[in-house]
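Reader: Could you take me closely through the surroundings of the ligand, and then through the helices and the unusual backbone spots that go with them? I would like the cut-offs stated as you go.

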Amino acid sequence: MKILITGGCGFVGSNLSIFLKNKIKKSKIYSLDNLSRNGSKINLQRLKENKIQNFNFDIANYNKLKKTGKFNLIIDCCAEPAIEESIKNPDNVFNTNLLGTFNILKKCTEDKTNIIFLSTSRVYSIESLNKIIKKKNLKNKIYSKVKINENYSTSSPKSLYGLSKLASEELIKEFNYMHNIKYLINRFGVIAGPWQFGKQDQGFVSLWVGKHIYKKKLAYIGYGGHGNQIRDIIHIDDVCNIIFRQITKFSKINNHIFNIGGSIKNKISLKELTILCEKITKNKINIAKKIKTSQFDIPYYVTDNKKISKYYNWSPKKNINDILVDTKNWILKYNKLLIKFF
Ligand SMILES: NC(=O)c1ccc[n+]([C@@H]2O[C@H](COP(=O)([O-])OP(=O)(O)OC[C@H]3O[C@@H](n4cnc5c(N)ncnc54)[C@H](O)[C@@H]3O)[C@@H](O)[C@H]2O)c1
(Lines give C-alpha, C1' and ligand atoms only; values in the text may rest on other atoms or scores of the structure.)
Protein backbone atom coordinates (compact mmCIF):
# COMPACT_ATOMS: atom_id res chain seq x y z
CA MET A 1 0.00 0.00 0.00
CA LYS A 2 1.36 3.40 -1.04
CA ILE A 3 0.32 6.27 1.25
CA LEU A 4 1.10 9.98 1.00
CA ILE A 5 0.95 11.90 4.27
CA THR A 6 0.85 15.64 3.72
CA GLY A 7 2.30 17.64 6.60
CA GLY A 8 4.40 14.51 7.22
CA CYS A 9 7.06 16.41 9.16
CA GLY A 10 4.54 17.93 11.55
CA PHE A 11 3.57 16.56 14.96
CA VAL A 12 0.74 14.29 13.78
CA GLY A 13 2.15 13.57 10.31
CA SER A 14 5.59 12.43 11.49
CA ASN A 15 4.26 10.16 14.25
CA LEU A 16 1.65 8.72 11.91
CA SER A 17 4.13 8.13 9.05
CA ILE A 18 6.50 6.16 11.27
CA PHE A 19 3.65 4.28 12.98
CA LEU A 20 2.08 3.19 9.66
CA LYS A 21 5.44 2.27 8.16
CA ASN A 22 5.98 -0.18 11.05
CA LYS A 23 2.38 -1.37 11.27
CA ILE A 24 1.43 -2.04 7.63
CA LYS A 25 3.60 -4.72 6.06
CA LYS A 26 5.10 -3.80 2.69
CA SER A 27 3.68 -0.27 2.99
CA LYS A 28 5.37 2.59 1.22
CA ILE A 29 4.90 5.80 3.14
CA TYR A 30 5.75 9.21 1.65
CA SER A 31 5.61 12.62 3.25
CA LEU A 32 4.97 16.05 1.72
CA ASP A 33 6.08 18.97 3.86
CA ASN A 34 7.68 22.36 3.17
CA LEU A 35 9.28 22.36 6.66
CA SER A 36 7.67 25.68 7.56
CA ARG A 37 6.73 24.67 11.13
CA ASN A 38 9.26 25.10 13.88
CA GLY A 39 10.65 21.63 14.64
CA SER A 40 9.70 20.05 11.32
CA LYS A 41 13.38 19.74 10.32
CA ILE A 42 13.93 17.56 13.38
CA ASN A 43 10.96 15.41 12.37
CA LEU A 44 12.37 15.18 8.84
CA GLN A 45 15.46 13.57 10.34
CA ARG A 46 13.26 10.96 12.05
CA LEU A 47 11.56 10.20 8.74
CA LYS A 48 14.95 9.76 7.07
CA GLU A 49 16.02 7.33 9.79
CA ASN A 50 12.85 5.36 9.01
CA LYS A 51 13.52 5.50 5.27
CA ILE A 52 10.49 7.68 4.55
CA GLN A 53 10.97 10.13 1.70
CA ASN A 54 9.75 13.72 2.03
CA PHE A 55 8.67 15.86 -0.93
CA ASN A 56 9.76 19.32 0.14
CA PHE A 57 7.43 21.86 -1.47
CA ASP A 58 4.38 23.98 -0.76
CA ILE A 59 1.07 22.12 -0.93
CA ALA A 60 -0.34 25.12 -2.81
CA ASN A 61 1.85 24.13 -5.79
CA TYR A 62 -0.31 21.73 -7.80
CA ASN A 63 2.22 21.27 -10.61
CA LYS A 64 4.69 19.78 -8.16
CA LEU A 65 2.03 17.71 -6.40
CA LYS A 66 0.99 16.20 -9.73
CA LYS A 67 4.48 14.79 -10.24
CA THR A 68 4.77 12.91 -6.92
CA GLY A 69 3.42 9.60 -8.29
CA LYS A 70 0.27 7.62 -7.64
CA PHE A 71 -0.90 6.65 -4.14
CA ASN A 72 -3.59 4.32 -2.78
CA LEU A 73 -4.46 6.78 -0.04
CA ILE A 74 -3.66 10.38 0.90
CA ILE A 75 -3.83 11.39 4.57
CA ASP A 76 -4.08 15.17 4.78
CA CYS A 77 -2.25 16.37 7.91
CA CYS A 78 -0.91 19.53 6.32
CA ALA A 79 -2.17 22.75 7.82
CA GLU A 80 -1.45 26.03 9.40
CA PRO A 81 -3.13 24.91 12.63
CA ALA A 82 -2.80 27.97 14.90
CA ILE A 83 -5.85 30.18 15.38
CA GLU A 84 -3.75 33.30 16.01
CA GLU A 85 -2.03 32.75 12.65
CA SER A 86 -5.40 33.12 10.93
CA ILE A 87 -5.44 36.69 12.25
CA LYS A 88 -1.80 37.50 11.45
CA ASN A 89 -1.48 35.67 8.17
CA PRO A 90 -4.87 34.78 6.66
CA ASP A 91 -3.39 34.23 3.18
CA ASN A 92 -1.20 31.42 4.48
CA VAL A 93 -4.15 29.81 6.28
CA PHE A 94 -6.23 29.76 3.11
CA ASN A 95 -3.42 28.72 0.76
CA THR A 96 -2.24 25.89 2.98
CA ASN A 97 -5.52 24.73 4.46
CA LEU A 98 -8.08 25.28 1.72
CA LEU A 99 -6.12 25.44 -1.53
CA GLY A 100 -3.92 22.64 -0.20
CA THR A 101 -6.91 20.32 0.31
CA PHE A 102 -8.33 21.39 -3.07
CA ASN A 103 -5.05 20.39 -4.75
CA ILE A 104 -5.03 17.07 -2.94
CA LEU A 105 -8.60 16.42 -4.13
CA LYS A 106 -7.63 17.21 -7.74
CA LYS A 107 -4.81 14.72 -7.42
CA CYS A 108 -7.14 12.15 -5.83
CA THR A 109 -9.49 12.57 -8.80
CA GLU A 110 -6.73 12.14 -11.35
CA ASP A 111 -5.33 9.02 -9.66
CA LYS A 112 -8.59 7.58 -8.21
CA THR A 113 -7.21 7.88 -4.68
CA ASN A 114 -9.16 8.12 -1.42
CA ILE A 115 -8.57 10.61 1.37
CA ILE A 116 -8.47 10.74 5.17
CA PHE A 117 -8.71 14.35 6.31
CA LEU A 118 -7.56 15.66 9.67
CA SER A 119 -10.12 18.21 10.66
CA THR A 120 -10.66 19.92 13.96
CA SER A 121 -13.05 20.63 16.79
CA ARG A 122 -12.62 24.28 15.84
CA VAL A 123 -15.18 23.87 13.04
CA TYR A 124 -17.84 24.32 15.74
CA SER A 125 -19.51 27.61 16.51
CA ILE A 126 -17.68 29.85 18.99
CA GLU A 127 -20.97 31.44 19.94
CA SER A 128 -22.60 28.09 20.82
CA LEU A 129 -19.54 26.80 22.68
CA ASN A 130 -19.38 30.04 24.66
CA LYS A 131 -22.88 29.37 25.95
CA ILE A 132 -21.92 26.06 27.64
CA ILE A 133 -20.13 27.81 30.50
CA LYS A 134 -21.11 31.25 31.74
CA LYS A 135 -18.07 33.55 31.87
CA LYS A 136 -18.64 34.44 35.50
CA ASN A 137 -18.46 30.75 36.41
CA LEU A 138 -14.91 30.55 35.06
CA LYS A 139 -13.68 31.98 38.36
CA ASN A 140 -14.20 28.49 39.76
CA LYS A 141 -13.61 24.89 38.71
CA ILE A 142 -16.00 23.72 35.98
CA TYR A 143 -17.99 20.53 36.53
CA SER A 144 -19.86 20.34 33.18
CA LYS A 145 -20.40 16.93 31.57
CA VAL A 146 -21.38 18.34 28.17
CA LYS A 147 -19.86 16.46 25.20
CA ILE A 148 -19.76 17.76 21.65
CA ASN A 149 -20.98 15.44 18.89
CA GLU A 150 -20.86 15.68 15.10
CA ASN A 151 -24.23 17.45 14.87
CA TYR A 152 -23.18 20.41 17.00
CA SER A 153 -23.61 23.84 15.40
CA THR A 154 -20.96 24.84 12.86
CA SER A 155 -22.43 28.28 12.28
CA SER A 156 -20.02 31.21 12.15
CA PRO A 157 -18.02 32.71 13.71
CA LYS A 158 -15.45 29.99 14.31
CA SER A 159 -12.10 31.65 13.30
CA LEU A 160 -10.58 31.63 9.83
CA TYR A 161 -8.70 28.48 10.81
CA GLY A 162 -11.96 26.68 11.67
CA LEU A 163 -13.63 28.03 8.57
CA SER A 164 -10.77 26.88 6.32
CA LYS A 165 -11.07 23.36 7.75
CA LEU A 166 -14.88 23.28 7.46
CA ALA A 167 -14.62 24.60 3.89
CA SER A 168 -12.10 21.81 3.16
CA GLU A 169 -14.61 19.30 4.53
CA GLU A 170 -17.26 20.71 2.19
CA LEU A 171 -14.85 20.47 -0.76
CA ILE A 172 -14.20 16.84 0.10
CA LYS A 173 -17.95 16.10 0.08
CA GLU A 174 -18.29 17.82 -3.31
CA PHE A 175 -15.47 15.72 -4.77
CA ASN A 176 -17.12 12.64 -3.34
CA TYR A 177 -20.36 13.61 -5.12
CA MET A 178 -18.64 14.61 -8.38
CA HIS A 179 -15.91 12.00 -8.67
CA ASN A 180 -16.74 9.37 -6.04
CA ILE A 181 -13.58 10.13 -4.03
CA LYS A 182 -14.14 8.20 -0.81
CA TYR A 183 -13.30 9.98 2.41
CA LEU A 184 -13.10 9.97 6.16
CA ILE A 185 -13.11 13.26 8.04
CA ASN A 186 -11.79 13.20 11.61
CA ARG A 187 -12.55 16.24 13.75
CA PHE A 188 -9.93 15.97 16.48
CA GLY A 189 -9.88 17.81 19.78
CA VAL A 190 -6.50 18.55 21.39
CA ILE A 191 -3.83 16.01 20.43
CA ALA A 192 -0.68 15.78 22.54
CA GLY A 193 2.44 13.71 23.12
CA PRO A 194 6.07 13.38 21.98
CA TRP A 195 7.40 15.35 18.99
CA GLN A 196 4.94 18.19 19.40
CA PHE A 197 6.73 21.51 19.27
CA GLY A 198 4.05 23.32 21.23
CA LYS A 199 3.17 26.98 21.27
CA GLN A 200 0.79 28.93 23.51
CA ASP A 201 -1.94 28.87 20.84
CA GLN A 202 -1.25 25.39 19.46
CA GLY A 203 0.21 22.47 21.37
CA PHE A 204 -0.20 23.86 24.89
CA VAL A 205 0.30 20.47 26.60
CA SER A 206 3.91 19.93 25.48
CA LEU A 207 4.54 23.63 26.08
CA TRP A 208 3.28 23.28 29.68
CA VAL A 209 5.46 20.22 30.35
CA GLY A 210 8.54 21.79 28.70
CA LYS A 211 8.22 25.12 30.53
CA HIS A 212 7.98 23.26 33.83
CA ILE A 213 11.03 21.13 33.04
CA TYR A 214 13.13 24.18 32.13
CA LYS A 215 11.50 26.46 34.72
CA LYS A 216 10.47 29.06 32.18
CA LYS A 217 7.57 31.53 32.05
CA LEU A 218 3.94 30.64 31.37
CA ALA A 219 0.63 32.50 31.56
CA TYR A 220 -3.03 31.67 31.94
CA ILE A 221 -4.55 33.69 29.12
CA GLY A 222 -8.15 34.84 29.10
CA TYR A 223 -11.22 34.12 31.23
CA GLY A 224 -9.85 36.32 34.01
CA GLY A 225 -6.52 34.46 34.09
CA HIS A 226 -7.89 31.83 36.48
CA GLY A 227 -6.82 28.85 34.33
CA ASN A 228 -10.19 27.12 34.65
CA GLN A 229 -10.88 26.67 30.93
CA ILE A 230 -11.24 23.03 29.92
CA ARG A 231 -10.14 20.81 27.03
CA ASP A 232 -10.03 17.07 26.52
CA ILE A 233 -6.71 15.63 25.38
CA ILE A 234 -5.91 12.58 23.28
CA HIS A 235 -2.49 10.87 23.08
CA ILE A 236 -0.87 10.80 19.64
CA ASP A 237 -0.54 6.99 19.97
CA ASP A 238 -4.33 6.70 20.24
CA VAL A 239 -4.67 8.94 17.18
CA CYS A 240 -2.29 6.68 15.20
CA ASN A 241 -4.18 3.58 16.34
CA ILE A 242 -7.61 4.80 15.31
CA ILE A 243 -6.36 6.01 11.90
CA PHE A 244 -4.73 2.60 11.35
CA ARG A 245 -8.05 0.96 12.20
CA GLN A 246 -9.81 3.29 9.75
CA ILE A 247 -7.37 2.32 6.99
CA THR A 248 -7.90 -1.40 7.54
CA LYS A 249 -11.71 -0.96 7.42
CA PHE A 250 -11.77 1.76 4.76
CA SER A 251 -13.55 -0.31 2.08
CA LYS A 252 -16.46 -0.94 4.51
CA ILE A 253 -16.54 2.30 6.51
CA ASN A 254 -16.12 5.46 4.46
CA ASN A 255 -17.77 8.81 3.69
CA HIS A 256 -18.24 9.66 7.37
CA ILE A 257 -17.39 12.50 9.71
CA PHE A 258 -16.17 11.58 13.19
CA ASN A 259 -15.44 13.55 16.33
CA ILE A 260 -12.40 12.04 18.06
CA GLY A 261 -10.82 13.09 21.34
CA GLY A 262 -9.85 12.19 24.86
CA SER A 263 -13.45 12.81 26.06
CA ILE A 264 -14.63 13.10 29.67
CA LYS A 265 -11.95 10.77 31.10
CA ASN A 266 -9.22 13.00 29.65
CA LYS A 267 -10.63 16.44 30.30
CA ILE A 268 -8.51 18.89 32.20
CA SER A 269 -8.30 22.58 33.06
CA LEU A 270 -5.06 24.57 32.71
CA LYS A 271 -4.90 24.86 36.49
CA GLU A 272 -5.15 21.08 36.89
CA LEU A 273 -2.54 20.68 34.15
CA THR A 274 -0.18 22.87 36.16
CA ILE A 275 -0.65 20.71 39.26
CA LEU A 276 0.12 17.53 37.30
CA CYS A 277 3.16 19.12 35.62
CA GLU A 278 4.47 20.17 39.04
CA LYS A 279 4.04 16.60 40.23
CA ILE A 280 5.78 14.88 37.33
CA THR A 281 8.63 17.40 36.87
CA LYS A 282 8.97 18.24 40.58
CA ASN A 283 9.32 21.88 39.55
CA LYS A 284 7.05 24.77 40.44
CA ILE A 285 6.91 27.92 38.33
CA ASN A 286 5.03 31.17 38.71
CA ILE A 287 2.24 31.39 36.18
CA ALA A 288 1.23 34.90 35.13
CA LYS A 289 -2.38 35.93 34.59
CA LYS A 290 -3.52 37.63 31.39
CA ILE A 291 -7.10 38.59 32.04
CA LYS A 292 -8.25 39.50 28.53
CA THR A 293 -9.96 36.75 26.52
CA SER A 294 -9.34 36.41 22.80
CA GLN A 295 -12.55 36.61 20.79
CA PHE A 296 -11.55 33.26 19.25
CA ASP A 297 -10.99 31.41 22.50
CA ILE A 298 -13.56 29.00 23.91
CA PRO A 299 -13.99 28.14 27.61
CA TYR A 300 -14.76 24.46 27.21
CA TYR A 301 -14.47 21.64 24.71
CA VAL A 302 -14.95 17.93 25.43
CA THR A 303 -15.44 15.40 22.63
CA ASP A 304 -18.33 12.99 22.30
CA ASN A 305 -16.67 9.78 21.04
CA LYS A 306 -19.96 7.88 20.72
CA LYS A 307 -19.97 7.60 16.91
CA ILE A 308 -16.28 6.69 16.45
CA SER A 309 -16.50 4.17 19.31
CA LYS A 310 -19.56 2.53 17.78
CA TYR A 311 -18.14 2.23 14.25
CA TYR A 312 -14.72 0.90 15.25
CA ASN A 313 -15.28 -0.55 18.70
CA TRP A 314 -12.57 1.82 19.85
CA SER A 315 -11.83 4.18 22.71
CA PRO A 316 -8.64 6.02 23.65
CA LYS A 317 -6.35 3.95 25.87
CA LYS A 318 -3.94 6.52 27.27
CA ASN A 319 -4.89 8.81 30.12
CA ILE A 320 -3.62 12.29 30.90
CA ASN A 321 -0.86 11.01 33.15
CA ASP A 322 0.45 8.79 30.29
CA ILE A 323 0.42 11.80 27.96
CA LEU A 324 2.35 13.99 30.38
CA VAL A 325 4.88 11.33 31.39
CA ASP A 326 5.55 10.36 27.74
CA THR A 327 6.02 14.03 26.85
CA LYS A 328 8.34 14.59 29.81
CA ASN A 329 10.43 11.52 28.98
CA TRP A 330 10.70 12.63 25.35
CA ILE A 331 11.93 16.10 26.31
CA LEU A 332 14.46 14.75 28.80
CA LYS A 333 15.74 12.10 26.37
CA TYR A 334 16.38 14.68 23.62
CA ASN A 335 17.24 17.51 26.00
CA LYS A 336 20.08 18.99 23.92
CA LEU A 337 17.99 19.02 20.77
CA LEU A 338 14.79 20.30 22.36
CA ILE A 339 15.82 22.86 24.97
CA LYS A 340 15.67 25.74 22.49
CA PHE A 341 12.00 25.01 21.70
CA PHE A 342 10.75 25.68 25.23
N1 LIG B 1 -2.35 19.01 17.03
C2 LIG B 1 -3.60 19.11 17.37
O3 LIG B 1 -3.93 19.23 18.56
C4 LIG B 1 -4.69 19.04 16.32
C5 LIG B 1 -6.03 19.04 16.75
C6 LIG B 1 -7.03 18.96 15.79
C7 LIG B 1 -6.72 18.90 14.44
N8 LIG B 1 -5.41 18.93 14.05
C9 LIG B 1 -5.12 18.86 12.61
O10 LIG B 1 -4.16 17.85 12.40
C11 LIG B 1 -3.29 18.23 11.35
C12 LIG B 1 -1.86 18.13 11.81
O13 LIG B 1 -1.64 19.03 12.89
P14 LIG B 1 -0.24 19.11 13.62
O15 LIG B 1 -0.50 19.41 15.04
O16 LIG B 1 0.58 17.95 13.25
O17 LIG B 1 0.36 20.43 12.96
P18 LIG B 1 1.90 20.74 12.62
O19 LIG B 1 1.99 22.22 12.45
O20 LIG B 1 2.79 20.10 13.62
O21 LIG B 1 2.10 20.00 11.22
C22 LIG B 1 1.72 20.57 9.99
C23 LIG B 1 2.86 20.37 9.02
O24 LIG B 1 2.47 20.94 7.77
C25 LIG B 1 3.59 21.61 7.21
N26 LIG B 1 3.11 22.69 6.34
C27 LIG B 1 2.52 23.85 6.73
N28 LIG B 1 2.20 24.60 5.66
C29 LIG B 1 2.59 23.88 4.57
C30 LIG B 1 2.50 24.11 3.18
N31 LIG B 1 1.98 25.24 2.68
N32 LIG B 1 3.00 23.17 2.34
C33 LIG B 1 3.54 22.02 2.82
N34 LIG B 1 3.64 21.75 4.13
C35 LIG B 1 3.17 22.67 5.01
C36 LIG B 1 4.38 22.15 8.39
O37 LIG B 1 5.75 22.33 8.07
C38 LIG B 1 4.17 21.06 9.44
O39 LIG B 1 5.24 20.15 9.45
C40 LIG B 1 -3.72 19.61 10.91
O41 LIG B 1 -4.55 19.49 9.78
C42 LIG B 1 -4.51 20.14 12.07
O43 LIG B 1 -5.51 21.04 11.63
C44 LIG B 1 -4.39 18.98 14.96
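Author: What follows begins at the ligand and moves outward to the helices and loops.

This is a predicted model, in which local features need pLDDT of at least 70 and side-chain atom pairs count only at pLDDT 80 or more, while totals for chains, interfaces and linings use all residues. Residues are numbered from 1 along each chain as its sequence is written, and side-chain values use heavy atoms, with hydrogens and water left out.

The ligand has 30 residues around it, of which Val12, Asp33, Arg37, Tyr161 and Lys165 come nearest; a residue is counted as near if one of its heavy atoms lies within 4 Å. By class, this shell holds 15 nonpolar, 11 polar and four charged residues, where Ala, Val, Leu, Ile, Met, Phe, Trp, Tyr, Cys and Pro count as nonpolar, Asp, Glu, Lys and Arg as charged, and the others, Gly among them, as polar. Helix H1 (11-23), strand E5 (114-120), helix H7 (159-179) and strand E7 (190-192) each supply at least two residues of the shell, and E5 gives the largest share, three residues. Helices (H or I, at least four residues) and strands (E, at least two) are DSSP runs, numbered from the N terminus.

Oxygen atoms of the ligand are approached by a polar side-chain atom of Tyr161 at 2.6 Å, by a polar side-chain atom of Lys165 at 2.7 Å, and by a backbone N or O atom of Ser36 at 3.1 Å. Taken alone the ligand exposes 820 Å², and the protein buries 96% of that, with accessible areas coming from the Shrake-Rupley method with a 1.4 Å probe.

H7, which contributes to the shell, also packs with helix H5 (residues 90-111): their axes come within 10 Å and cross at roughly 15°. Axes are lines fitted to C-alpha atoms, for helices over the stretch in contact, and angles run from 0 to 180 degrees between N-to-C directions. H5 and H7 are therefore roughly parallel to each other, given that angles under 35 degrees count as roughly parallel, over 145 as roughly antiparallel, 65 to 115 as roughly perpendicular and the rest as oblique.

H1, another contributor to the shell, packs with helix H9 (residues 236-248) at an angle of about 55°, with their axes 10 Å apart, and the two are therefore oblique to each other. The axes of helix H8 (residues 204-213) and helix H10 (residues 270-281) come within 9 Å and cross at roughly 45°, which makes H8 oblique to H10.

Two backbone features lie in loops that adjoin these elements. Most residues other than glycine have a negative phi, and most peptide bonds are trans. A cis peptide bond, with omega about 0°, joins Ser156 and Pro157, and Pro157 is found in the loop between helix H6 (126-132) and H7. Trp195, although not a glycine, has a positive phi of about 75°, and its place is in the loop between E7 and H8.

Note on methods
Polar contact = N/O pair within 3.5 Å; in protein donor to acceptor, adjacent residues only side chain to side chain.
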